[in-house]
Amino acid sequence: MDILNGFLEAINNIFATSGMTTLVWQNYVMIAVSCILIYLAIVKKFEPLLLLPIAFGMFLVNLMPAIMQDGGLFYYLYQGVKLGIYPPLIFLGIGAMTDFGPLIANPKSFLLGAAAQLGIFITFIGAMLLGFDPQSAGSIGIIGGADGPTAIFVTSKLKPELLGPIAVAAYSYMALVPIIQPPIMKALTTKKERSIVMKQLRPVSKLEKVIFPIIVTAVVALILPDAVPLVGMLMLGNLMRESGVCERITKTAQNELMNIITIFLGVTVGATASGEVFLKLETLEIIALGLIAFAFGTAGGVLFGKLMCKVTKGKINPLIGSAGVSAVPMAARVAQKVGQEENPSNFLLMHAMGPNVSGVIGSAVAAGVLLSILG
C-alpha cells in the first residue's frame with residue numbers, strides 16, 4: 001500500500017509541475033506564433049538562419065517558462081546578448097564576408113545609405129509622441145535600419161525588457177524585404193526612372209580596399225565612440241578579408257564563428273518572448289512602429305535616389321536607394337529584381353550593393369548616435 005501511495009504521489013507531483021498545469025493561455029498563443037515562424041523559415045525560407053533559431057527559442061520558453069532561470073544553459077547563453085557580445089561578433093563575420101568595392105567605387109552610395117536611416121529617427125520621434133520613454137523609443141526606432149544585430153545591441157543597452165518583441169520585429173521585417181519594399185519603390189518612382197541603366201563601376205584596387213576599413217574605423221572612433229564595438233568589428237573582419245594574409249581566421253569568422261553566434265543569439269533572443277511578456281498592447285505598437293520605421297527607411301533611400309537622379313541628369317537609378325537599409329544582400333537583390341521588371345537589360349545589383357553595405361555602416365552609426373544620446 002505504501003508503494004502504491006508513493007507511486008501515486010510521484011505521478012501527482014509530475015502532473016503538478018507539468019506544462020498542463022503551469023502554462024497559461026498566452027503561452028499557447030505564442031506556441032502557435034512560433035509554429036507559424038518555423039513554417040515561414042522552413043517552407044517560405046524567410047531569413048531561415050535566424051528566424052528558425054528565434055522561433056524555436058520562442059517555442060521552448062513557452063513550453064517551459066523557467067528555461068531562462070539563473071543557473072541554466074539558456075541563462076548563461078543569454079549573457080552574450082545582455083552584455084552586448086554577440087552582435088559585434090556577428091558584425092565581425094559580416095565584415096569578413098562583405099566586399100566594400102562597390103561603395104569605394106561609388107562613394108555617393110554613402111549618401112543613399114545615410115538617407116535610408118531616416119526611418120530610425122522618424123520612428124523615434126513617433127514613438128516618443130505615443131508615450132514611449134526615450135530609451136524605448138530609441139530601441140523601437142533602430143528597427144528601421146533593417147539590421148537585426150544592431151537592433152539587439154541597442155535594445156540590450158537601452159531597454160532589455162523589450163528585446164523579445166524588437167528582435168522578432170527586426171528579423172521578421174528583414175525576412176519580408178521582398179514583400180515590403182517593391183510597392184514602396186514603385187509608388188515613389190516612375191517607369192522611366194526604374195528603367196535607367198547605370199554605367200559599369202570602375203575597378204577598385206587592393207590598396208583602396210585595405211585602407212578603407214582603417215580610415216572608416218578611425219573616423220567613427222574619433223567622432224562617435226559608441227559605434228566602435230559594431231563598426232570596429234565590422235571593419236576588422238573586412239580588413240582580414242582584404243589583406244589576403246589571414247585566410248584561415250577569415251574563413252573562421254565567415255563560417256564557424258558566425259554560425260555558432262547566430263545559433264546562440266537566435267535561440268536566446270527567441271527565449272525572451274514568453275507569452276506573458278510578449279502579448280501586450282505595447283508589443284503590437286512596437287511591431288506596427290517597426291513596420292513604419294522600415295517603410296520610411298526604404299522611402300528615404302528611394303527619395304534621395306530620385307534627388308541624385310535629377311542632380312546627375314538621369315545617371316542614377318533611384319531604385320538603388322532602397323538598398324540603403326541594412327538587409328544585406330537581400331535589399332540589393334530586390335532593387336535588381338524591380339529594375340529588371342521594367343528593363344530586362346538592367347543590371348543594378350552591383351550598384352545597389354554600394355548603398356546596401358553603406359547601410360550596414362549607417363545603421364551602426366545611427367546606433368552609436370542613439371546610445372550616445374540615450375545610453
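**Entry 1. Burial of one helix residue**

I began with the term "buried", which here means under 20% relative accessible area, while exposed means over 50% and partly exposed lies in between. The model I examined is a predicted one. I then looked up Thr262, which is placed in helix H17. Its relative accessibility is 12%, so Thr262 counts as buried. I next asked which residues Thr262 is in contact with, leaving aside its neighbours within four places in sequence. I found Leu49, Leu50 and Ile90.

**Entry 2. Helix H4**

Leu50 led me to helix H4, where I found this residue among the buried ones. The others that I noted there include Leu51, Pro53, Ile54, Ala55 and Met58. I then looked up what these residues pack against, and I recorded helix H3 (25–42), H12, H17 and helix H18 (275–278). I also checked the length of H4. The helix has 16 residues and reaches 22 Å from its first C-alpha to its last, close to the 22 Å expected at 1.5 Å a residue.

**Entry 3. Helix H5**

I turned to helix H5, which covers residues 73–82. Its buried residues are Phe74, Leu77, Tyr78, Gln79, Gly80 and Val81. They pack against H4, H6, helix H11 (148–158), H12 and H17. After H5 I noted Gly84, whose phi is positive, near 70°.

**Entry 4. The largest pocket**

I looked up the largest pocket and found a volume of about 850 Å³. Its lining consists of 30 residues, and Glu47, Leu49, Met258, Val328 and Pro329 lie nearest its centre. I asked which elements give two or more residues to this lining. They are helix H4 (48–63), H6, helix H12 (163–175), helix H17 (247–270), H20 and helix H21 (349–374). H17 gives the most, with six residues. I sorted the lining by class and recorded 19 nonpolar, six polar and five charged residues.

Two of the residues nearest the centre, Val328 and Pro329, deserved a further look. The peptide bond from Val328 to Pro329 is cis, with omega near -10°. Pro329 lies in the loop between H19 and H20.

**Entry 5. Positive phi outside glycine**

I looked up two residues other than glycine that have a positive phi. Ala146 has a phi near 55°, and its place is in the loop between helix H10 (134–141) and H11. Is Ala146 buried or exposed? Its relative accessible area is 1%, so Ala146 is buried.

Lys313 has a phi of about 60°. This residue is in the loop between H19 and H20, which is also where I placed Pro329. At 78% relative accessibility, Lys313 counts as exposed.

**Entry 6. Salt bridges**

I closed with charged pairs. Side chains of opposite charge can pair when their charged atoms come close. A salt bridge here is a side-chain nitrogen of Lys or Arg within 4 Å of a carboxyl oxygen of Asp or Glu. By this rule the count comes to eleven salt bridges.

I examined the pair Asp99 and Lys209, whose side chains meet at 3.3 Å, N to O. Asp99 lies in the loop between helix H6 (86–97) and helix H7 (101–105), and Lys209 lies in helix H15 (residues 206–223), so the pair ties together parts that are 110 residues apart in sequence. Asp99 is partly exposed, with a relative accessible area of 26%. Lys209, at 18% relative accessibility, counts as buried.

I then examined Lys306 and Glu193, which meet in a salt bridge at 2.8 Å, N to O. Lys306 is in helix H19 (residues 281–311) and Glu193 in helix H14 (residues 191–194), so that this pair links distant parts of the chain, 113 residues apart. Both residues, Lys306 and Glu193, are buried.

Helix H14 supplied a further pair. Arg194 and Glu342 form a salt bridge at 3.0 Å, N to O. Arg194 lies in H14 and Glu342 in helix H20 (residues 330–342), so the pair ties together parts that are 148 residues apart in sequence. Arg194 is buried, with a relative accessible area of 9%. My final note concerns Asp133, Lys159 and Glu161, which are joined into one network by salt bridges that share partners.

How values were computed
Residues are numbered from 1 along each chain as its sequence is written. This is a predicted model: local features need pLDDT of at least 70, side-chain atom pairs count only at pLDDT 80 or more; totals for chains, interfaces and linings use all residues. Side-chain values use heavy atoms; hydrogens and water are left out. Helices (H or I, at least four residues) and strands (E, at least two) are DSSP runs, numbered from the N terminus. Buried means under 20% relative accessible area, exposed over 50%, partly exposed in between (1.4 Å probe, protein chains only). On a 1 Å grid over the protein atoms alone, a cavity is a set of points where a 1.4 Å probe fits but cannot get out, and a pocket is an open set with protein on both sides within 12 Å along at least five of seven lines; lining residues have an atom within 4 Å of a point. Grid points are joined across faces, edges and corners, and a volume is the space filled by probe spheres set on the points. Ala, Val, Leu, Ile, Met, Phe, Trp, Tyr, Cys and Pro count as nonpolar, Asp, Glu, Lys and Arg as charged, and the others, Gly among them, as polar. Contact means heavy atoms within 4.5 Å. The expected span of a helix is 1.5 Å times one less than its number of residues.
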